[in-house]
Amino acid sequence: MKNVSSVFWIVIAITFVAVMWGAFSPDTLQNVTDQIQTYITNDFGWYYLLVVSLLVGFCLFFIFSPIGKITLGKPGEEPEFGLFSWFAMLFSAGMGIGLVFYGAAEPISHYAIQSPTGETETAQAFRDSLRYTFFHWGLHAWAIYAIVALCIAYFKFRKDAPGLISATLQPVLGNKIHGWIGKTIDCIAVFATVVGVATSLGLGAAQINGGLNYLFHIPIAFSTQLIIIIIVTVLFLASALSGIGKGIKYLSNINMVLAAVLMFFLLLVGPTVFILNSFTDSIGQYLSNIVQMSFRLSPNDPEKREWINGWTIFYWAWWISWAPFVGIFIARVSRGRTIREFLLGVLVAPSILVFLWFSIFGVSAMDLQQKNIVDVAGLSTETMLFGVLNEYPLAMITSILALILIAVFFITSADSATFVLGMQTTYGSLNPSGSVKVSWGIIQSAVAAVLLFSGGLEALQNTAKLAALPFSVVIILMIVSLYKSLNDERRIIKQTNQVNKPRSPRVKKA
């Protein structure tokens with residue numbers, strides 16, 4: 001393969017070691033990663049909360065600052081993709097499959113299994129279930145992606161730097177980005193992407209298998225999951241080879257249409273007024289309590305602290321570990337937009353859609369639980385969505401639609417990942433070769449299959465989350481680098497405007 005950087009071979013070697021460990025001794029790997037993760041969660045929980053809150057603050061600062069007028073590209077450059085396609089692609093890469101997986105599962109868990117602040121199955125638990133779900137999937141999550149994407153897009157399209165994480169740190173680290181420090185940073189980013197996407201492919205195959213079992217009694221078995229992985233691999237490789245302007249774009253648009261159909265159908269046939277009332281009330285609860293939730297650690301309440309570690313800290317680490325992949329992809333499709341337009345599109349618009357999605361599926365699930373129609377909380381996470389759809393009209397049709405949506409979301413996520421991995425291992429090329437993308441696609445699927453067979457998926461998922469701690473330091477350096485560069489550019493623009501400002505004619509005194 002031509003034009004492949006050393007990062008490609010280094011990450012393949014590290015991934016091979018991690019996968020072999022997970023394949024032949026999954027319990028050992030899980031025990032080791034669990035211990036490290038527990039230590040980080042207990043001792044660095046405060047750090048994660050502060051860092052992610054800082055990212056939200058910087059996003060808001062850039063939106064309202066004069067800096068927001070600067071284009072992510074050359075002056076006057078137009079956006080590469082239309083608004084709908086752009087939004088569909090960033091949303092599909094960012095959270096698509098997670099919404100389907102957790103749409104009913106997370107709210108019902110906070111309501112009926114373990115409430116974040118009080119007793120389960122109470123009015124308070126109902127309010128907490130949605131506002132904390134909004135908190136985990138809303139502004140804070142998208143701020144992580146937005147900052148990483150903004151840094152990459154600015155330096156790539158405005159400053160003509162390579163599309164690499166390390167290249168964004170030039171104003172801070174100087175020429176050190178071309179040495180071992182830069183390679184280490186890029187290796188962390190690529191490894192987090194490989195492991196994160198591979199585990200998601202494995203978990204996705206397990207969820208599709210669970211749905212097929214719930215609907216058609218197809219047995220849950222590794223052979224079934226392997227067939228699912230092979231089919232998905234063939235489809236996303238075909239999409240990847242067709243180019244970002246065709247495969248990912250068209251599939252992302254299909255995703256948005258399918259998701260909208262499923263969401264609004266359930267809104268109409270479900271407890272419509274209850275959903276809309278809960279949606280409106282929960283937005284108020286979320287905005288009213290966002291500062292308190294952002295810094296909540298409950299150091300004197302072990303039970304509540306355990307919940308925070310298992311949900312909030314887990315999510316912040318998971319989003320940070322996915323930030324290289326999602327951030328680079330969002331940056332790639334955002335050329336030509338102003339910083340203000342970019343941040344409003346990445347931060348606000350997806351959050352509103354996320355709130356609506358969780359309100360519809362979460363309230364529908366909790367309504368069934370409250371009325372004792374079905375014990376949704378007693379179902380496995382993989383089948384909760386299907387258990388909810390089963391209680392409403394056209395259950396078979398909507399369940400099949402949900403399966404198709406899950407499959408297409410997985411194809412777009414894997415397709416996006418092959419592009420990002422190809423870009424990161426070919427010196428930041430915006431159009432990595434087909435052979436590089438195919439290689440990464442096969443590697444991801446092989447890793448998922450091996451770990452599904454051995455039962456090591458959860459251990460490798462822990463490994464991906466461990467990458468969040470060092471990468472969070474990289475994100476802080478990226479913010480400093482971006483601010484320094486933007487401030488310098490703003491000063492130059494201001495000086496240029498003053499020099500070119502037409503002077504009023506001087507009037508002679510009589």
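Modeller: A pocket, on a 1 Å grid over the protein atoms alone, is an open set of points with protein on both sides within 12 Å along at least five of seven lines. The model before us is predicted.

Biologist: With that term settled, what volume does the second largest pocket have?

Modeller: The second largest pocket has a volume of about 340 Å³.

Biologist: Which residues lie nearest its centre?

Modeller: The lining of the second largest pocket comprises 19 residues, and those nearest the centre are L164, S166, I177, H178 and D186.

Biologist: Which helices each supply at least two residues of that lining?

Modeller: Helices α1 (6-24), α8 (170-173) and α9 each supply at least two residues. The largest share, three residues, comes from α9.

Biologist: How does the lining of the second largest pocket divide by class?

Modeller: Nine of the lining residues are nonpolar, eight are polar and two are charged.

Biologist: Turning to enclosed space, how many cavities of 30 Å³ or more does a search of the whole structure find?

Modeller: The search finds three cavities of that size. The largest cavity holds about 50 Å³ of space.

Biologist: What lines the largest cavity?

Modeller: The lining consists of L201, G204, A205, I208, I228, I229, V232, T233 and F410. Both α9 (180-216) and α10 (222-241) supply at least two of the lining residues each.

Biologist: And how does the lining of the largest cavity divide by class?

Modeller: Seven of the residues are nonpolar and two are polar, with no charged residue in the lining.

Biologist: Moving to the surface, which residues form a nonpolar patch there?

Modeller: The patch is formed by W46, L50, V291 and F295, which together have about 430 Å² of accessible area.

Biologist: Where does L50 lie, and why can L50 belong to such a patch?

Modeller: L50 lies in helix α2 (residues 26-64). Patch residues need over 30% relative accessible area, and L50 meets that requirement because its value is 45%. L50 is therefore partly exposed.

Biologist: What about helix α7, mostly covered or mostly open?

Modeller: Helix α7 (residues 139-158) is mostly covered, with 19 of its 20 residues buried. Just after α7, D160 takes a positive phi of about 60 degrees.

Biologist: What phi does E121 have, and where does E121 lie?

Modeller: E121 has a positive phi of about 55 degrees, although E121 is not a glycine. E121 lies in the loop between α5 (105-113) and α6 (123-137). With a relative accessibility of 42%, E121 counts as partly exposed.

Biologist: Then S298: where is that residue, and is S298 buried or exposed?

Modeller: S298 lies in the loop between α12 (272-294) and α13 (302-332). S298 counts as buried, because its relative accessibility of 17% falls under the 20% limit. S298 is not a glycine either, yet has a positive phi of about 45 degrees.

Biologist: One last residue: which helix holds L389?

Modeller: L389 is in helix α15 (residues 384-389). L389 is buried, with a relative accessible area of 3%.

Biologist: What distance separates the C-alpha atoms of L389 and S364?

Modeller: The C-alpha atoms of L389 and S364 are separated by 9.0 Å, and the two residues are 25 residues apart along the chain.

Technical notes: Residues numbered from 1 in each chain as written. Predicted model: local features only at pLDDT ≥ 70, side-chain atom pairs only at ≥ 80, totals over all residues. Heavy atoms only, no water. 1 Å grid on protein atoms, 1.4 Å probe; cavity = no way out; pocket = protein on both sides within 12 Å on 5 of 7 lines; lining within 4 Å. Points joined across faces, edges and corners; volume = space filled by probe spheres on them. Helix = DSSP H or I, 4+ residues; strand = E, 2+ residues; numbered from the N terminus. Nonpolar A, V, L, I, M, F, W, Y, C, P; charged D, E, K, R; others polar. Patch = residues over 30% accessible without salt bridge, like charges linked within 9 Å, V, L, I, M, F, W, Y side chains within 5 Å. Areas by Shrake-Rupley, 256 points an atom, 1.4 Å probe, with all protein chains shown as cover. Salt bridge = Lys/Arg side-chain N within 4 Å of Asp/Glu carboxyl O. Buried < 20%, exposed > 50% of the residue type's maximum accessible area, 1.4 Å probe, protein only.
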